[in-house]
Amino acid sequence: DHIRKAFTLTLYEEDEVPLDCISGRGDFLISDRDKGLFNGVETTFPEAIHSMCCQHLSENIHKKFGKEARQLFWPIARANTVKGLNEAIKAMKEYMPIAERYLKDIGYKNFTFSAGVARYGIDTNNFTESLNSIWSEIRNLPPLQMLDHIYRWMMNTFYDRYRTKNDPGNDRLTNKAWKSYNFRLENSRGYVVHPSSDTKYI
């Protein structure tokens, strides 16, 4: 209970906008399965939809049940119809019943696209994890110093990007994205496409 209270206090302290602006039924939060955080969000934002991060779940599945079970997990998480969900669950149950029970105990409504809640196409908190990695040293500073370092990091990052010259022929992408695009474009020249109907190609 003290963990729940700590997370709840943190959520209130870090929030700078009125709760009535962000606690509507359309609000969506995603996190790992930390019990204190889950309970804290439920207390602070009782009407918000709080889902579990599928990346964390898939890693747990991998550790507990192996690579094959992890591969069967993603069709469950990302099925966009009830029929597709049931078929994916059946495949997992036939391959490894104990893994399916593990997911069933977590609750399919807590992480699947077909649960009938607005997830806005998001099923992981990888954005947050990426920032945590980038700011690994900053995040350990006292709050005011942390905010100052984040501000300066953002200003320097966008200043450097603004001054970066685009590669020849690139007028709309970052240079990294442009190189990735050209790499895939070149590799695609080796593909052979056959029509399977008037509208579909394989």
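**Note on surface charge pairs and a nonpolar patch**

1. Aspartate 171 is exposed, at 60% relative accessible area. The model is a predicted one. Aspartate 171 pairs with arginine 172 in a salt bridge, with 3.4 Å between the closest N and O atoms. Arginine 172 is exposed too, with a relative accessible area of 72%. Both residues count as exposed because the cut-off is over 50%.

2. How many salt bridges does the structure hold? There are four. Opposite charges can pair in this way when the charged atoms of the side chains come close.

3. Another of these bridges lies in helix H8, residues 143–163. Here arginine 152 meets aspartate 148 at 3.0 Å, N to O. The two residues sit four apart, about one turn of the helix. Arginine 152 is partly exposed, at 39% relative accessible area. Aspartate 148 is partly exposed as well, at 37%.

4. Arginine 189 forms a salt bridge with glutamate 186. Their closest N and O atoms are 3.3 Å apart. Is arginine 189 buried or exposed? Its relative accessibility is 58%, so arginine 189 counts as exposed. Glutamate 186 has 49% and is therefore partly exposed.

5. Now the nonpolar side. Which residues form a nonpolar patch on the surface? They are Leu173, Tyr181 and Leu185. Together they offer about 240 Å² of accessible area.

6. Tyrosine 181, one of the patch residues, belongs to helix H9, which spans residues 175–188. Its relative accessibility is 43%, so tyrosine 181 counts as partly exposed. That value also passes the patch cut-off of over 30% relative accessible area.

Technical notes: Residues numbered from 1 in each chain as written. Predicted model: local features only at pLDDT ≥ 70, side-chain atom pairs only at ≥ 80, totals over all residues. Heavy atoms only, no water. Patch = residues over 30% accessible without salt bridge, like charges linked within 9 Å, V, L, I, M, F, W, Y side chains within 5 Å. Areas by Shrake-Rupley, 256 points an atom, 1.4 Å probe, with all protein chains shown as cover. Salt bridge = Lys/Arg side-chain N within 4 Å of Asp/Glu carboxyl O. Buried < 20%, exposed > 50% of the residue type's maximum accessible area, 1.4 Å probe, protein only.
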